[in-house]
Amino acid sequence: MYYEKQGAGEPLLLIMGITATGTVWDKHAAVWQNKFTCIMPDNRGVGLSDAPPGPYTSAQMADDYAGLLEVLQIEKIKVVGCSMGSIIAQQLAIRHPEKISAIVLMCPWARCDEKAKAIFYNMMNCKAKLSPDEFMLYLQLLIFSKQYWDDPRNVANLKTDRLQSIDADSHQTLEGLRSQSQACISHNVIDELYKILQPVLVIGGGEDIFTPPWMAKEMAENIPQAVLHLYKGCGHAFHWEAIDDFNPCVLNWLMTN
């Protein structure tokens, strides 16, 4: 498992979502590193980490992280998990509770309904059939809100990201995406959320069409010490759409929990 570190202080594990490498945390870690040592790994199946044959499970990926913490000799840590990273964080808290002190779950789900499963299957099909920039456009349409798309400056930035994706496409193979998607589809811990006893901040986007607000609300309602925050008007990528509020909000919560 490949990982990078930034900052100094109490360790903070940052787990990114499907298709993404740990470097996607950079603009968040730039703020959080003033108080924490940010540990940003690549999940199995993406980036510079190994991509063993799948399918993967969220439990298996959580065990990857438990092993990483042992190698790093970290007994207890705070965790921020985004999207697929949130299901890994849930499993970490359920399977290795002694290692986790507090958790931020971003755009999370405890179980997939049929629509969510269909989105992941379609993501696999799009990866197989589209060019890298076309696949990136599909992801952008999935994760950014209408409000974000309505700003011409954002549209220009999204276009730049699509052009850069042509060179970055090698960071995940089709098999890697398929294996991660299976972990997302099969994840179901709705009946185990009561076991998560750590303080938990659940954050969602009010206009998220990928993991809709009901998923975040269901998480918060079933975790004993959870609090819920929804970003009105934002999509799945609320942490980019509202970054100026998101970064200090999460930092303040982590420092007091």
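**Exercise 1. For strand 6, determine which residues point one way and which the other, and whether they are buried or exposed.**

Solution. Begin with the limits of the element: strand 6 covers residues 200-205, where strands (E, at least two residues) and helices (H or I, at least four) are DSSP runs numbered from the N terminus. The model is predicted, so local features need pLDDT of at least 70 and side-chain atom pairs count only at pLDDT 80 or more, while totals for chains, interfaces and linings use all residues. Residues are numbered from 1 along each chain as its sequence is written, and side-chain values use heavy atoms, with hydrogens and water left out.

Next, sort the residues by direction: Val200, Val202 and Gly204 point one way from strand 6, whereas Leu201, Ile203 and Gly205 point the other way. In a regular strand the side chains alternate between the two faces of the sheet.

Finally, apply the accessibility classes, in which buried means under 20% relative accessible area, exposed over 50%, and partly exposed in between (1.4 Å probe, protein chains only). Because six of the six residues are buried, strand 6 is largely enclosed by the rest of the structure.

**Exercise 2. Identify the strands that pair with strand 6, and follow the chain from strand 6 to strand 7.**

Solution. Two strands pair if DSSP finds at least two bridges between them. Strand 5 (residues 100-106) runs parallel to strand 6 and is joined to it by four bridges, with Leu105 having Val202 as its bridge partner. Strand 7 (residues 226-231) also pairs with strand 6 in the parallel sense, over six bridges, and here Val200 stands opposite Ala226. From strand 6 the chain passes through helix 9 (residues 213-222) to strand 7 in a right-handed β-α-β crossover, that is, with the strands pointing away from the viewer, the path from the first strand over the helix to the second runs clockwise.

**Exercise 3. Describe the salt bridge between Asp64 and Arg44, then the one between Arg153 and Asp151.**

Solution. A salt bridge requires a side-chain nitrogen of Lys or Arg within 4 Å of a carboxyl oxygen of Asp or Glu, and the structure holds nine of them. Asp64 and Arg44 meet at 2.7 Å, N to O; this pair links distant parts of the chain, with Asp64 in helix 2 (residues 58-71) and Arg44 in the loop between strand 3 (36-41) and helix 2, 20 residues apart. Both Asp64 and Arg44 are buried.

For Arg153 and Asp151, the closest N and O atoms are 2.7 Å apart. Arg153 is exposed at 63% relative accessible area, whereas Asp151, at 19%, counts as buried.
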